[in-house]
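Trainee: Please take me through one part of this model closely, the sheet, and then show me what else in the model deserves a look. A connected account would suit me better than a list.

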Amino acid sequence: MPEPLRLQGISASAGYAEGPLFNLDPVVARYGRKATAADERLALETAIKAATGRLATLIEATKGDAADILEFQLAMLDDDALTGPAFAAIAAGQPADVAWRQALDAEIVGYETSDQDYFRARAADMRDIRDQVLRALTEDSDPAAPAGAIFYGEDIAPTRFLETDWSSGGGIALKAGSAASHVAMLARSRGVPMVVGLGAVGLGASPAHLAGVALLDAEHGGIILAPSRAEVEGFRRLSSSFAARRDRAKTFLARPAVTKAGTAVRVQVNIADPSDVDNIDVSTCDGVGLMRTEFLFGTTLPDEETQYRAYRKVLEWAKGRPVTIRTVDAGGDKPVPGFTVAETNPFLGLRGIRLSLAKPEVFRLQIRALLRAAVHGNLKVMFPMVAVRDEYEHAAALFAEEQAALTARGVAQKMPPLGIMVEVPSVAIAPEAFTEVAFFSIGSNDLTQYVMAAARDNALVAHLNSIRHPAVLRLIASVAAFGRVQRIPVSLCGDAGGDPAAIPALIEAGLRDLSVVPAQLAMAKAAIADVSI
Amino acid sequence: MSASAEATVLITHEVGLHARPSVKFTKLAKRFSAEVEVALAANGPWLDAKSIVKVMAAKAPKGTVLHIRARGDGAGEAVGALVELVRRDFDEGVDHARTA
């Protein structure tokens with residue numbers, strides 16, 4: 001029995017799984033060459049037919065976004081333009097597997113090198129298509145995973161996720177992967193535990209470790225291979241407490257959040273897209289604490305009307321509850337073609353309000369859309385990445401100018417309260433420069449990464465990126481205290497706000513207003529109810 | 001005697017002619033026997049509107065003026081129906097537009 005091995009990654013979908021490991025990375029299956037080109041052609045046709053049939057069956061059993069992904073794959077497989085080059089290569093003497101791989105790889109490169117995020121993300125679908133046919137071709141009957149298995153490997157294909165029966169447990173542990181992938185979204189909505197970013201070696205360290213049962217703790221983003229008996233027992237305790245907390249949490253959703261001692265805590269939601277509110281009962285939250293606007297800047301710069309409609313939709317949904325919209329926070333890890341600039345160190349570069357002030361023509365458009373939308377609800381606007389007072393004053397002056405211009409044109413508008421994100425340490429350390437702002441919203445993700453000098457998207461330094469480090473908590477407490485004295489509302493809208501493990505420390509630091517992703521709303525309220533302050 | 005038709009339409013869908021709209025677009029084009037092509041500029045290059053591989057490869061973002069032309073039986077109906085689909089935002093409101 002090897003020594004226990006613990007690996008740390010990033011949680012993409014909270015939950016616990018105990019089970020055997022199953023290797024996702026395709027073992028290079030052997031393809032038996034056929035005697036003639038005609039037989040090679042037949043082999044590929046049969047394999048494509050098999051993959052098509054498999055997709056069609058899967059579509060029958062799927063709905064929503066997942067079905068759309070599969071429909072797209074099916075349409076691709078059905079297209080002669082995709083399969084034609086492979087058949088041409090076969091006619092020229094290539095074996096079917098080589099011909100197919102080359103033809104698909106040529107298409108995949110086109111997606112991988114796109115300058116648009118959306119098209120780059122489709123490369124995963126194209127690889128999925130390639131591998132489905134390759135598996136059918138090599139008659140590698142896609143070895144079935146044992147029930148309750150923890151899938152590990154480089155990445156997981158959407159079809160593999162959808163074909164797996166998760167009812168008997170199981171989970172996902174990936175070397176790379178992303179919490180923003182399609183599969184991560186599906187995992188969260190179905191409650192499948194998933195950890196990403198386990199590092200280049202992943203679980204492949206030693207064969208002896210892979211033989212036994214593993215413990216996946218996707219609440220804290222870790223996995224233990226070859227666990228000791230004590231570790232198994234501890235894990236089962238955590239796992240059953242998680243299940244109990246999740247069930248119990250559901251009963252808290254409809255109620256206002258209150259601590260054991262009766263302290264009321266406001267719980268708002270973070271949204272990234274106007275359609276996010278479609279699935280939220282507005283009565284279960286105290287408003288929108290953070291509405292991101294980067295979605296509008298996906299591929300092209302949005303016009304004023306598109307922005308106005310998006311903001312107005314959320315304001316009307318909120319029925320008078322506050323909606324805090326953050327002006328565009330592009331740059332850093334969120335590049336926008338034609339807007340952001342290429343930098344060697346983008347997290348410390350021209351991002352957030354710095355970029356908006358550098359591109360006033362784009363910023364003024366967003367300001368006009370916000371001023372016009374403000375008449376439809378309880379709007380608040382905040383600026384990201386503010387480091388010095390001058391930036392706030394400059395942005396506020398642009399709001400005043402645009403308001404005057406709209407008034408002159410007789411357009412309905414309203415000036416919203418203007419606040420700032422507290423995420424650059426300079427603001428958290430010296431908030432006294434900002435006594436005129438309407439509110440502070442602590443962006444704990446960026447604040448933590450800047451205070452700890454540990455990127456939040458780098459698994460190698462993930463252990464340093466902790467909001468519960470005393471340095472980060474002390475800054476949060478000091479901003480909360482400053483706000484109380486100055487009567488400036490302070491809230492927090494980072495991931496920590498929805499983390500049951502961090503919530504007690506945040507309330508202890510003096511925060512009474514948290515904003516969480518909608519999926520964490522119930523758990524956050526339940527965690528607040530356990531706090532004795 | 002062969003009919004032909006041509007039209008242009010502005011893509012207003014949030015992320016452009018992406019996966020889901022492309023599936024709808026090519027499926028609709030396939031319903032017509034006419035030869036249907038699309039281009040991002042009046043002088044081409046013209047791409048087979050019934051091929052999702054070609055339509056996706058055009059990577060047409062929001063704000064693109066899409067040129068559609070058809071030749072053969074039902075050419076007019078084909079162009080009309082495809083223009084309508086793009087105009088209706090592929091039957092998806094802004095509510096369903098996603099960037100990822």
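Mentor: In chain A of this predicted model, eight strands make up an open sheet with mixed pairing, and their order across it is β1-β8-β7-β3-β4-β5-β6-β2. The edge positions are taken by β1 (5-8) and β2 (10-13) of chain A; each has a single partner strand, so one side of each has no neighbour in the sheet. From one strand to the next, the twist averages 30°. As background, strands in a sheet pair through backbone hydrogen bonds, and the pairing is either parallel or antiparallel.

Inside that order, take the pair β3 and β7 of chain A. Strand β3 covers residues 16-23 and strand β7 covers residues 213-217; the two run antiparallel and are joined by five bridges. Which residue stands opposite A:Tyr16 in β7(A)? That residue is A:Asp217.

The sheet belongs to a chain with 19 helices and 17 strands. Chain A has 533 residues, of which 46% are buried. Of the contacts in chain A between residues at least 6 apart in sequence, 68% join residues at least 24 apart.

A:Val531 gives an example of a link across the sequence. This residue is in the segment after α19 (521-529) of chain A. Its C-alpha atom is 5.3 Å from that of A:Thr259, although 272 residues separate the two along the chain. Neighbours within four places in sequence aside, the contacts of A:Val531 are A:Thr259, A:Lys260, A:Ile503, A:Pro504 and A:Ile507. Is A:Val531 buried or partly exposed? A:Val531 has 19 other C-beta atoms within 10 Å, and burial takes 20 or more, so the residue counts as partly exposed.

Next, the helices. A packed pair is described by the angle between the two axes and the distance between them. For α11(A) and helix α13 (residues 360-373) of chain A, the axes come within 8 Å and cross at roughly 35°. The crossing is right-handed. On the α11(A) side the contact is made by A:Glu304, A:Gln307, A:Tyr308, A:Tyr311, A:Arg312 and A:Leu315, and on the α13(A) side by A:Leu365, A:Gln366, A:Arg368, A:Ala369, A:Leu370, A:Arg372 and A:Ala373. By type, the residues of this contact are seven nonpolar, two polar and four charged.

Beyond α11 the chain enters the loop between α11 (304-317) and β12 (322-326) of chain A, where A:Lys319 is placed. This residue is not a glycine, yet its phi is positive, at about 50°. A:Lys319 has 11 C-beta neighbours inside 10 Å and therefore counts as exposed. A:Ala453 also has a positive phi, near 50°, and is likewise a residue other than glycine. It lies in the loop between α16 (444-452) and α17 (470-486) of chain A. With 9 C-beta neighbours inside 10 Å, A:Ala453 counts as exposed.

One backbone feature remains, this time in chain B. The peptide bond from B:Gly44 to B:Pro45 is cis, and its omega is near 0°. B:Pro45 sits in the loop between β2 (35-39) and β3 (47-48) of chain B. For context on these backbone features, most residues other than glycine have a negative phi, and most peptide bonds are trans.

Technical notes:
Residues are numbered from 1 along each chain as its sequence is written. Chains are lettered from A and ligands numbered from 1 in the order in which they are written. This is a predicted model: local features need pLDDT of at least 70, side-chain atom pairs count only at pLDDT 80 or more; totals for chains, interfaces and linings use all residues. Helices (H or I, at least four residues) and strands (E, at least two) are DSSP runs, numbered from the N terminus. A residue is buried if 20 or more other C-beta atoms lie within 10 Å of its own, exposed if 12 or fewer, and partly exposed in between; C-beta atoms are placed from the backbone. Two strands pair if DSSP finds at least two bridges between them. Axes are lines fitted to C-alpha atoms, for helices over the stretch in contact, and angles run from 0 to 180 degrees between N-to-C directions. A crossing is left-handed if the near helix is turned anticlockwise from the far one by less than a right angle, and right-handed if clockwise. Two residues are in contact if their C-beta atoms, placed from the backbone, lie within 7 Å. Ala, Val, Leu, Ile, Met, Phe, Trp, Tyr, Cys and Pro count as nonpolar, Asp, Glu, Lys and Arg as charged, and the others, Gly among them, as polar.
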